[in-house]
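Visitor: Before we look at any details, could you show me the model and take me through how its labels are justified?

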Amino acid sequence: MPLLLPHLVYVHQSTYNGGDDAMLVKMNPADSCMDQYEPNNTNLIATELSISSDTMFYGITGNISNSTDVDWFRIKTSLTNLKLELIDLVTDYDLYLYKGNGQLIATAANIGDADETIIFNSLPKGKYYVRVVAADNSYDPNACYRLRALIASQPWLTKEGLLENAFNQSAVQVYTYPNPAKDILSLKITAPNESTANVSIFEVSGQTILEKVFTIEEGSQTITLDVAALKRGMYLVATDINGVRSFSKIVLQ
Ligand SMILES: [Ca+2]
Ligand SMILES: [Ca+2]
C-alpha cells in the first residue's frame, strides 16, 4: 500500500519559465488529516515521541481514525519535569501516561473537546508510554489532534496556578456533569485498574441521601445516576475509588 503522505510532483512546462513547477498533492484527498505514525496501536509498537524544552515546540499530529484505533507513543527521559499536552481537539479524546512496566500513573480525561494536560514533576528517569484514545467512541477521522511533550528544569504549574508546584496528576479522575443537572447526573470516571466506585450524594448539611456502588474498568467510562426524585438544591457528590476520594458540588434544578 502506498504511504498516504504529501508528495512533491513535478509538472511538464510547455514553455520553460526558468524553474521547476511543483505542486503538493495529497494522495488521499478525502482525508483532511493524516496519521503518519500508524500502526501504533499497542505499546509494543509505540511511536517515539520527541521531547522539547522549547515552549513553542509544535509537537506531532495524529488521528483517531476508527472505533478500535488507539495511539501509543513512547518517551525516554532522565529525571525531569514533564508536561504532556493533547490539543486542537474537536471531540472527546483522553490522555494517559504509563510507566514502562505498563502501570498507569497519570490521566487527563476531561469531558467534551477540552484540551488535556498531564503534569508530572520530578518524573524519575526511565521509559514511559503515552496513550491517546477517543472516549466513548467519539472519534473524528477527519480531525487531527496535536500532542506535545515538554520538559523544564522548573516544576510545571497547573493552568490555574492554584495547586502547589509539586503537583502530579492522579491516575483517578472524576468529572460530574451537567451542572446544574435535572434528571440524570453523569460521572466520567477514569481509573488505573478494575475496581469499585462508591458514589455518595450528600446534602450540604452532611446528610447522605443516595449511595451507590459501581464496578469500574481500567480507563475511562461514564456512569449515570437518576436524580429526578431528589429535592432541587445544592449537593455534594463524593466518589471513592482505590482510597481516593473526589468531591464535586452540584446543583439540581
Ligand atoms: Ca491513529
Ligand atoms: Ca477528553
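Guide: The chain of this predicted model averages a pLDDT of 86, and 83% of the residues score at least 70, where pLDDT is the predictor's confidence in each residue, from 0 to 100. Local features need pLDDT of at least 70 and side-chain atom pairs count only at 80 or more, while totals for chains, interfaces and linings use all residues. Residues are numbered from 1 along each chain as its sequence is written, and chains are lettered from A, ligands numbered from 1, in the order in which they are written.

Visitor: What is the pLDDT over residues 1-9?

Guide: Over residues 1-9 the pLDDT is below 50, although this stretch has 16 contacts in the model beyond near neighbours in sequence, a contact being two residues whose C-beta atoms, placed from the backbone, lie within 7 Å. Where pLDDT is low, the predicted coordinates should not be read in detail.

Visitor: How do you know that β7 pairs with β10 and with β12?

Guide: Strands are DSSP runs (E, at least two residues), numbered from the N terminus, and two strands pair if DSSP finds at least two bridges between them. Strand β7 (residues 80-87) has 6 bridges to β10 (residues 116-123) and 7 to β12 (residues 145-152), so the definition is met, and β7 runs antiparallel to β10 and to β12. Glu85 has Thr117 as its bridge partner in β10, and Leu86 has Leu147 in β12.

Visitor: Why are β16 and β19 said to stand at the edges?

Guide: In the open sheet ordered β16-β15-β18-β19, with antiparallel pairing, β16 (208-216) and β19 (244-252) each have a single partner strand, so one side of each is left without a neighbour in the sheet.

Definitions and conventions:
Helices (H or I, at least four residues) and strands (E, at least two) are DSSP runs, numbered from the N terminus.
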